[in-house]
Amino acid sequence: MDLKQPDKIAAFDTLYTNNHIQMLKILFPNVKKELRHHLAIYIKYLELQYTISLREGSPFSLNLCQGDDPPTFDLCALCDELSPFCSEKERSYLAQFKNMQNMIKQYKDLEAAMTMMKELFPEGMAGGEGGNEFFNFSPDMLSQLLSPEQQTMFSMFQNKED
């Protein structure tokens with residue numbers, strides 16, 4: 001597990017708690033076993049109540065996520081950060097998603113390169129007589145290399161961008 005992940009979790013927890021809630025968390029192991037469930041629910045309730053009160057009471061609360069320009073992030077890196085907290089099945093879904101993201105990126109890079117090649121060598125891109133058949137490229141060529149389920153995902157992403 002990446003050492004930065006617990007820092008992110010701790011930072012979030014620190015923002016949305018207060019000293020009294022932290023004291024209850026410290027006392028938690030010392031409470032009778034049959035009362036711990038009730039105390040855990042009470043602590044979560046207090047955290048929710050405190051978080052809601054931040055929104056109502058301060059112009060600087062919870063607005064941290066509402067900027068003009070949302071930060072850009074790498075979906076593959078986000079999958080890596082989420083992975084340690086997932087079940088095996090969820091990890092396999094994340095891995096499939098990462099693979100699809102990588103394929104989409106590679107396709108876009110290839111498409112950009114092909115566009116550049118067409119601009120540099122317009123006479124050699126026709127693919128017909130005297131042209132190179134490789135440069136007559138279409139997205140369907142790439143989709144033929146995928147498994148049936150990957151083809152479904154590819155077409156879903158392709159339609160989403162239109």
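Mentor: In this predicted model, Leu75, Cys76, Cys79, Asp80 and Leu82 of helix H4 meet Leu94, Phe97, Lys98, Gln101 and Asn102 of helix H5, where a contact means heavy atoms within 4.5 Å. Residues are numbered from 1 along each chain as its sequence is written, and side-chain values use heavy atoms, with hydrogens and water left out. Because the model is predicted, local features need pLDDT of at least 70 and side-chain atom pairs count only at pLDDT 80 or more, whereas totals for chains, interfaces and linings use all residues.

Trainee: How do the residues of the contact of H4 with H5 divide into nonpolar, polar and charged?

Mentor: They divide into 6 nonpolar, 2 polar and 2 charged, with Ala, Val, Leu, Ile, Met, Phe, Trp, Tyr, Cys and Pro counted as nonpolar, Asp, Glu, Lys and Arg as charged, and the others, Gly among them, as polar.

Trainee: At what angle do H4 and H5 pack, and why is H4 called roughly parallel or antiparallel to H5?

Mentor: Helix H4 (residues 75-82) and helix H5 (residues 88-120) pack at about 165°, with their axes 9 Å apart. Angles run from 0 to 180 degrees between N-to-C directions, the axes being lines fitted to C-alpha atoms over the stretch in contact. Angles under 35 degrees count as roughly parallel, over 145 as roughly antiparallel, 65 to 115 as roughly perpendicular and the rest as oblique, and therefore H4 is roughly antiparallel to H5.

Trainee: Is Tyr93, whose place is in helix H5, buried, exposed or partly exposed, and how do you know that?

Mentor: Buried means under 20% relative accessible area, exposed over 50% and partly exposed in between, with a 1.4 Å probe and protein chains only; Tyr93 stands at 48% and therefore counts as partly exposed.

Trainee: What makes Glu47, found in helix H3 (residues 33-57), count as buried or exposed?

Mentor: Its relative accessibility is 13%, so Glu47 counts as buried. Leaving aside residues up to four places away in sequence, Glu47 touches Tyr16, Ile21 and Lys25, and Tyr16 is buried too, with a relative accessible area of 15%.

Trainee: How many aromatic pairs does the structure hold, and why is the pair of Phe12 and Tyr16 called stacked, edge-to-face or tilted?

Mentor: The structure holds 1 aromatic pair. Phe12 and Tyr16 lie 4.9 Å apart, centre to centre, with 50° between the planes. Rings of Phe, Tyr and Trp (its six-membered ring) pair if their centres lie within 6.5 Å, and planes under 30 degrees apart count as stacked, over 60 as edge-to-face and the rest as tilted, so this pair is tilted.

Technical notes: Helix = DSSP H or I, 4+ residues; strand = E, 2+ residues; numbered from the N terminus.
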